[in-house]
Amino acid sequence: MTPVAVAETAFDPSSQRLLFAGQPVLFCTNSPKLAMYAQALLPASENDKPPTTPARASITLHVREMDEPCETFPLFRARGNFARIRFTPGDSFWFNLRTREVFGTCSPEMADDGRRWCVHILPAILGILSATIDVAPIHAACLARKGRGVLLAGHSGAGKSTLTIAMARRGHALLSDDWTYLSEEGEPAGLDVQAWGLPVPVKLLPDASFFFPELNAFRADVSLNGEIAYEVFPEECFGVTRSERCQVSTVVLLERGAEPGCNTFRIRRDEAVAHLQAQVEPLEGRLAGCYSKQLEIIESAVGQASCYRFCFNDQPDKAAEALDKALGR
Amino acid sequence: MDSHSSVDAITDMMHRRTPLPFCGRFLWLGSSVTIQTDSQAVLRAAEGMGFLPHGDLEQESQIRWEIVTEPTSTPQASDCKCKVTIDNHSLFLSMGAGQWFAFDFESGDGAGFVVIPNPGASTDANAVKYLSEIACQVGNCLQPASDRSRWL
């Protein structure tokens, strides 16, 4: 057997420094297409200036012919400092989280599938890397108005995405409908936590077309977790605006109500912090410090926010109107 | 794993926290190796590969591996060849059908997943094949750098 040495592969010499949730990541590839997908998802770091800080992590992706027909897909596994993910027989992504390095290979056919890279593959890679570069991914939608952010958190099926679209149609800028990334910014003496989104499609289940007939112009398809869903770019489908980042000023925990209508209750900050922290994957061993840092970032983000529980059983536009009113917006 | 709480089920989608109740201490190529796993068959396979059981729990192992079992998949793991990828810090072994192993040259840490149809069994032919590939490839990497440089 001949080992494939990463150092032997001929990469395009032009690597890029891109920003993920404000953290510089070095992105290297031999594929102009993959470079383009990454640029579409992540802003460039320190444009036209020499980098002042080293990249926090590196992602190296190589397009080449693959021949590994034996596995089932998708496959996500991790243990200790390592993780490996695969989406098709034509790809494989290895993570050494101690060294913050990702090495991936994919087939030329897969490199052609830009939508898959932007919707599933690159967000998954960044999500797994996030803990090691002091980014806390939280399972919450995020909207902003005048730079002030509202996090909408809730378990799957709580109605985050439909409420998020309804709020965005009322004038909030949309950061994310599912995963929001928190990271610190600024000098150590005055660190400030920012919420970031990725410009990926929103995911809406088929019955959302009842409330949003615009979806009928699109086709529902199998999503990464096997659900049939619409995955649409909200600017294109709903004409709403997006925002890249904001500071969290409000946290809302969503709950489906048994009775028709909407009710908003003020809750303690520690309840909101506990809910968000419980969604973060605990890491142990050498990565335990990364996990502690993620919990700290979440606590800081919610530290100055107003926190609410919103129980609703109403159409998304009416629920959005009620929530807007309750938040005084 | 059934022992996981519902919160674990939400946050352990990558099976990162599967409990590993079995631990073996070995001497191998002059180094102390600790292997934690959820199947005795993995420890027996290591012994079969020349890992010498070593009971000195006081001594910190330079090499620590965690090996988790996967349920049987089709086609059989043994039908798939091992593919090796190396970078400056890590060795990655892909052994098909959900089987893999990764090793960090600097820290000595390693981890992977192996297909064992009956994790309760004390021996398993596929575990032997899996450990054999690991012993061969990691063993090569633990040779002096001058020998290893032919790969890099």
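Is A:Arg98 buried, partly exposed or exposed? In this predicted model, A:Arg98 is partly exposed, with a relative accessible area of 28%, and this residue takes part in one of the contacts between the two chains that are described below, after a short account of each chain.

**The two chains**

Chain A contains eight helices and 19 strands, and of its 329 residues 56% are buried. Among the contacts in chain A with a separation of 6 or more, 68% are between residues that lie 24 or more positions apart. Chain B has 152 residues, of which 55% count as buried, and its secondary structure comes to four helices and eight strands. Read from the N terminus, the elements of chain B follow the order α-β-β-α-β-β-β-β-β-β-α-α. For chain B, residues 24 or more positions apart account for 54% of the contacts with a separation of 6 or more.

**Salt bridges**

Over all chains, the count of salt bridges comes to 21. Three of these pairs are set out in the table.

| Pair | Closest N to O distance |
|---|---|
| A:Asp134 and A:Arg56 | 3.2 Å |
| A:Arg79 and B:Glu66 | 3.0 Å |
| B:Glu106 and A:Arg98 | 3.0 Å |

The salt bridge of A:Asp134 with A:Arg56 links distant parts of the chain, since the two residues are 78 residues apart. A:Asp134 sits in the loop between helix 3 (114-129) and strand 9 (135-145) of chain A, while A:Arg56 sits in the loop between helix 1 (32-41) and strand 4 (57-63) of chain A. A:Asp134 is partly exposed at a relative accessible area of 24%, and A:Arg56 is also classed as partly exposed, with 22% relative accessibility.

The salt bridge between the side chains of A:Arg79 and B:Glu66 joins two chains, because A:Arg79 lies in strand 5 (residues 75-79) of chain A and B:Glu66 in strand 4 (residues 63-70) of chain B. A:Arg79 has a relative accessibility of 7% and therefore counts as buried, whereas B:Glu66, with a relative accessible area of 22%, is partly exposed.

The salt bridge of B:Glu106 with A:Arg98 likewise crosses between chains, and here both partners are in loops. B:Glu106 belongs to the loop between strand 7 (100-104) and strand 8 (109-115) of chain B, and A:Arg98 to the loop between strand 7 (91-96) and strand 8 (101-106) of chain A. B:Glu106 is exposed, with a relative accessible area of 53%, in contrast to A:Arg98, which is partly exposed at 28%. A network of salt bridges links A:Arg98, B:Asp104 and B:Glu106.

**Helix packing in chain A**

Helix 4 (residues 160-169) of chain A packs against helix 8 (residues 316-326) of chain A at an angle of about 70°, with the axes 8 Å apart. Angles of 65 to 115 degrees count as roughly perpendicular, and helix 4 and helix 8 of chain A are therefore roughly perpendicular to each other. The crossing of helix 4 of chain A with helix 8 of chain A is right-handed. Helix 4 of chain A contributes A:Thr162, A:Leu163, A:Ala166 and A:Met167 to the contact, and helix 8 of chain A contributes A:Pro316, A:Asp317, A:Ala319, A:Ala320, A:Leu323 and A:Asp324. Seven residues of this contact are nonpolar, one is polar and two are charged.

Helix 1 of chain A and helix 3 of chain A have axes that come within 10 Å and cross at roughly 70°, and these helices are therefore roughly perpendicular to each other. Helix 1 of chain A passes helix 3 of chain A in a right-handed crossing. On the side of helix 1 of chain A the contact is made by A:Leu34, A:Tyr37, A:Ala38 and A:Leu41, and on the side of helix 3 of chain A by A:Gly114, A:Trp117, A:Cys118, A:Leu122, A:Pro123 and A:Leu126. Nine residues of this contact are nonpolar, one is polar and none is charged.

**The surroundings of A:Cys142**

A:Cys142 is found in strand 9 of chain A and counts as buried, with 0% relative accessibility. Leaving aside residues up to four places away in sequence, A:Cys142 touches A:Val150, A:Leu151, A:Ala173, A:Leu174, A:Leu175, A:Ser176, A:Thr180, A:Ala195 and A:Cys246. The C-alpha atoms of A:Cys142 and A:Trp196 are 8.4 Å apart in space, although the two residues are 54 residues apart in sequence.

Key
Residues numbered from 1 in each chain as written. Chains lettered and ligands numbered in written order. Predicted model: local features only at pLDDT ≥ 70, side-chain atom pairs only at ≥ 80, totals over all residues. Heavy atoms only, no water. Axes fitted to C-alpha atoms, helices over the stretch in contact; angles between N-to-C directions. Parallel < 35°, antiparallel > 145°, perpendicular 65-115°, else oblique. Left-handed = near helix turned anticlockwise from the far one by under 90°. Contact = heavy atoms within 4.5 Å. Nonpolar A, V, L, I, M, F, W, Y, C, P; charged D, E, K, R; others polar. Salt bridge = Lys/Arg side-chain N within 4 Å of Asp/Glu carboxyl O. Buried < 20%, exposed > 50% of the residue type's maximum accessible area, 1.4 Å probe, protein only.
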